[in-house]
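Subject: Structure handover

Dear colleague,

Here is the structure you asked about, with its sequence. My notes on it follow below.

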Amino acid sequence: MLDKIGIAKRIAQEVQDGTYINLGIGIPTLVANFIPENINVVLQSENGLLGIGPFPEEEQVDADLINAGKQTVTTLPGSSLFSSSESFEMIRGGHVDLTILGAMEVSENGNIANWKIPGKMVKGMGGAMDLVASADNIIVAMQHCSRSGDSKLLKSCSLPITGLNCVKKVVTNMAVLDILPEGGFKLLERAPGVSVDEIKAATAGKLVVEGEIPEMKLD
């Protein structure tokens with residue numbers, strides 16, 4: 001199975017040249033470290049950064065330069081800083097091409113739950129709802145199962161919904177899956193050392209498997 005870095009590496013392969021990308025909190029922020037050198041993209045953060053670079057080395061750390069997850073980051077030549085209100089104008093205006101988010105649950109029809117667990121105090125949804133409502137392409141980075149072993153890829157989400165019918169692709173520690181327009185997780189790739197039968201057993205939602213499923217290539 002993949003670790004968090006492996007998930008980020010695989011998602012970085014989905015990045016296309018010339019796109020504007022928002023990276024959510026958690027695993028998605030790691031994608032910034034693995035953007036191919038021949039690809040030019042602009043990473044956007046809702047707290048007011050455009051042109052984020054990889055995470056800093058120790059000597060590069062600037063405590064005042066952070067992403068939406070309060071992690072220190074670097075900036076690339078031509079980057080800019082602005083208010084969060086201007087950042088959300090970009091997001092709501094449809095200027096972000098790809099959003100990469102973490103999730104607690106994803107349903108077979110592309111619904112995502114990633115902001116609240118009942119009974120636990122949270123400050124609010126944050127920018128998640130704006131991001132899922134505004135981007136044409138949403139990729140989710142997540143663990144396939146919870147710590148208790150329950151599937152997080154479901155027929156329908158049990159947690160409060162962040163967005164409806166919005167997720168296009170899911171990359172987990174076990175597999176890469178597309179969300180089909182008619183509903184269902186289509187298995188595209190399996191993680192190194194993971195069998196199709198293991199993915200079937202770990203997926204509670206409808207899983208579509210066609211032909212031989214290749215192993216992910218991360219290098």
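**Salt bridges**

R10, E14 and E189 are joined in a network of salt bridges. Please keep in mind that this is a predicted model. By the rule used here, the count of salt bridges comes to 7.

One of them is between the side chains of D130 and R92, with an N to O distance of 2.7 Å. D130 belongs to helix 4 and R92 to helix 3, so this pair ties together parts that lie 38 residues apart in sequence. D130 counts as buried, at 17% relative accessibility, whereas R92 is exposed, with a relative accessible area of 56%.

Another salt bridge joins the side chains of E108 and K155, at 3.7 Å from N to O. Both residues are in loops: E108 in the one between strand 6 (105-107) and strand 7 (112-113), K155 in the one between strand 9 (153-154) and strand 10 (169-171). The pair therefore ties together parts that are 47 residues apart in sequence. Here E108 is buried, with a relative accessible area of 13%, while K155 is exposed, at 58%.

D178 and K169 also form a salt bridge, and their closest N and O atoms are 2.7 Å apart. In this pair the acidic residue, D178, counts as partly exposed at 24% relative accessibility. K169 is buried, with a relative accessible area of 12%.

**Helix 3 and what it packs against**

Helix 3 spans residues 84-92, and its buried residues are S87, F88 and I91. Viewed down the helix axis, these buried residues fall within an arc of 95°, so they line one face of helix 3. They pack against strand 1 (20-23), strand 2 (42-45) and helix 4 (128-134). After helix 3 comes G94, which has a positive phi, near 80°.

Strand 1 is also where N22 is found. How accessible is N22? Its relative accessible area is 0%, and N22 is buried. Leaving out residues up to four places away in sequence, N22 touches Q44, S45, E46, I91, V96, L98, T99, I100 and L131. One of these contacts, I91, is among the buried residues of helix 3.

**The nonpolar core**

Which residues touch the most other members of the largest nonpolar core? They are V106 and V167, in a core of 55 residues. With neighbours within four places in sequence set aside, V167 is in contact with V106, G110, I112, I138, V140 and I179.

**S151**

S151 sits in the loop between strand 8 (137-141) and strand 9. At 17% relative accessibility, S151 counts as buried, since the cut-off is under 20%. A polar atom of the S151 side chain lies 3.0 Å from the backbone oxygen of L153. The backbone nitrogen of A204 lies 3.1 Å from a polar atom of that S151 side chain. A204 also appears among the contacts of S151, which, not counting residues up to four places away in sequence, are H144, C145, A202, T203 and A204.

**Where to look**

If you have the model open, two places are convenient to start from. One is the D130 and R92 salt bridge, which links helix 4 to helix 3. The other is the side chain of S151, with polar atoms lying 3.0 Å from the backbone oxygen of L153 and 3.1 Å from the backbone nitrogen of A204.

Regards

Terms used:
Residues numbered from 1 in each chain as written. Predicted model: local features only at pLDDT ≥ 70, side-chain atom pairs only at ≥ 80, totals over all residues. Heavy atoms only, no water. Buried < 20%, exposed > 50% of the residue type's maximum accessible area, 1.4 Å probe, protein only. Helix = DSSP H or I, 4+ residues; strand = E, 2+ residues; numbered from the N terminus. Arc of directions from axis to C-beta. Contact = heavy atoms within 4.5 Å. Core = buried A, V, L, I, M, F, W, Y, C linked by side-chain atoms within 4.5 Å. Salt bridge = Lys/Arg side-chain N within 4 Å of Asp/Glu carboxyl O. Polar contact = N/O pair within 3.5 Å; in protein donor to acceptor, adjacent residues only side chain to side chain.
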